[in-house]
Amino acid sequence: MKKEECFFLGKIVKKYSFKGEVLAKLDTDEPELYDGLESVFIDLKGNLVPFFIEHAQLHKSELLRIQFEDVVTEKDADALLKSDLYLPLSFLPKLADDKFYFHEIIGFSVIDENFGEVGEITGVNDTTAQALFEIDRDGTEILIPINDHFIKKVDKENKTILVDTPEGLIDLYVE
């Protein structure tokens with residue numbers, strides 16, 4: 001399994017018991033969706049390695065307490081600390097038509113109600129306080145905040161996103 005075929009689920013943040021249990025901080029608004037997992041991929045030195053789960057349950061609402069098969073000592077658990085957890089993209093819950101996962105919209109065209117055709121989404125920058133569409137317009141990068149007030153329509157079938165950005169925002173990049 002390649003990372004491109006997976007999504008980041010969370011990170012193992014600490015040990016829970018002397019029997020090899022660990023706590024994972026999940027990168028999701030709905031941790032309960034992952035309560036009954038059977039397996040995950042763990043990033044070990046750049047390789048995704050499948051780990052089977054004996055049991056997993058939510059712990060204090062945002063952490064998942066996990067007992068992996070064959071991880072039965074504190075030393076075994078130590079080897080997994082700070083490791084990233086991944087699941088195949090097929091495990092992502094289906095979203096409503098007007099919602100999207102960042103990986104889904106790469107290649108979509110962005111059209112602004114006032115400006116017209118803006119360009120093609122090449123990526124999403126979610127390292128800032130406000131996630132941004134990274135849009136290529138004939139070699140010029142345009143950044144538009146991913147904001148519910150700006151997004152008017154997401155057309156997954158035609159791979160377009162209609163936005164209404166503040167006047168002058170796009171002009172900052174193209175003039």
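Visitor: Why is Lys-3 called partly exposed?

Guide: Relative accessible area under 20% is called buried, over 50% exposed, and anything in between partly exposed (1.4 Å probe, protein chains only); Lys-3 has 36%, so it is partly exposed. The structure is a predicted model, in which local features need pLDDT of at least 70 and side-chain atom pairs count only at pLDDT 80 or more, whereas totals for chains, interfaces and linings use all residues. Residues are numbered from 1 along each chain as its sequence is written, and side-chain values use heavy atoms, with hydrogens and water left out.

Visitor: What makes the pair of Asp-43 and Lys-3 a salt bridge?

Guide: The term requires a side-chain nitrogen of Lys or Arg within 4 Å of a carboxyl oxygen of Asp or Glu; in the pair of Asp-43 and Lys-3 the closest N and O atoms are 2.6 Å apart, so the criterion is met. This pair links distant parts of the chain, since Asp-43 belongs to strand E3 (residues 39–44) and Lys-3 to the segment before E1, 40 residues apart. Strands (E, at least two residues) and helices (H or I, at least four) are DSSP runs, numbered from the N terminus. Asp-43, with a relative accessible area of 15%, is buried.

Visitor: How many salt bridges does a search of the whole structure find, and which residues are linked in a network?

Guide: The search finds five salt bridges, and the network links Lys-15, Glu-74 and Asp-78.

Visitor: How do you know that the pair of Lys-11 and Asp-84 links distant parts of the chain?

Guide: The side chains of Lys-11 and Asp-84 meet in a salt bridge at 2.9 Å, N to O. Lys-11 is in strand E1 while Asp-84 is in strand E6, 73 residues apart. At a relative accessible area of 32%, Lys-11 is partly exposed.

Visitor: Why can one say that Arg-65 and Glu-21 tie together separate parts of the sequence?

Guide: Arg-65 forms a salt bridge with Glu-21, the closest N and O atoms being 3.0 Å apart. Because Arg-65 lies in strand E5 and Glu-21 in the loop between E1 and strand E2 (22–26), the pair joins parts that are 44 residues apart in sequence. Arg-65 is buried at a relative accessible area of 18%, and Glu-21 is buried at 7%.

Visitor: Which nearest side chain of opposite charge does Asp-155 have, and why is there no salt bridge?

Guide: Lys and Arg count as positive, Asp and Glu as negative, with His and the chain ends not counted; the nearest opposite charge to the buried Asp-155 is Lys-153, 4.3 Å away, which means that the distance is not within 4 Å and no salt bridge is assigned.

Visitor: What makes the approach of Asp-155 to Asn-158 a polar contact?

Guide: A polar contact is a pair of N or O atoms within 3.5 Å, where, within protein, one must be able to donate a hydrogen and the other to accept it, and residues adjacent in sequence count only if both atoms are side-chain atoms. The side chains of Asp-155 and Asn-158 are joined at 2.7 Å, so the distance satisfies the limit. The side chain of Asp-155 also reaches the backbone nitrogen of Glu-157 at 3.2 Å. Asp-155 is found in strand E11 (residues 151–155) and, leaving aside neighbours within four places in sequence, is in contact (heavy atoms within 4.5 Å) with Phe-108 and Thr-160.

Visitor: What makes Asp-70 and Lys-82 notable in their phi values?

Guide: Most residues other than glycine have a negative phi. Asp-70, however, has a phi near 65°, and Lys-82 has one of about 70°. Asp-70 sits in the loop between strand E5 (63–68) and helix H1 (74–78), Lys-82 in the loop between H1 and strand E6 (84–88). Asp-70 counts as exposed because its relative accessibility is 70%, and Lys-82 counts as exposed at 64%.

Visitor: Why is Tyr-86 called buried, and which residues does Tyr-86 touch?

Guide: The relative accessibility of Tyr-86 is 10%, so Tyr-86 counts as buried. This residue of strand E6 touches, not counting residues up to four places away in sequence, a set including Lys-3, Phe-8, Val-40 and Asp-43.
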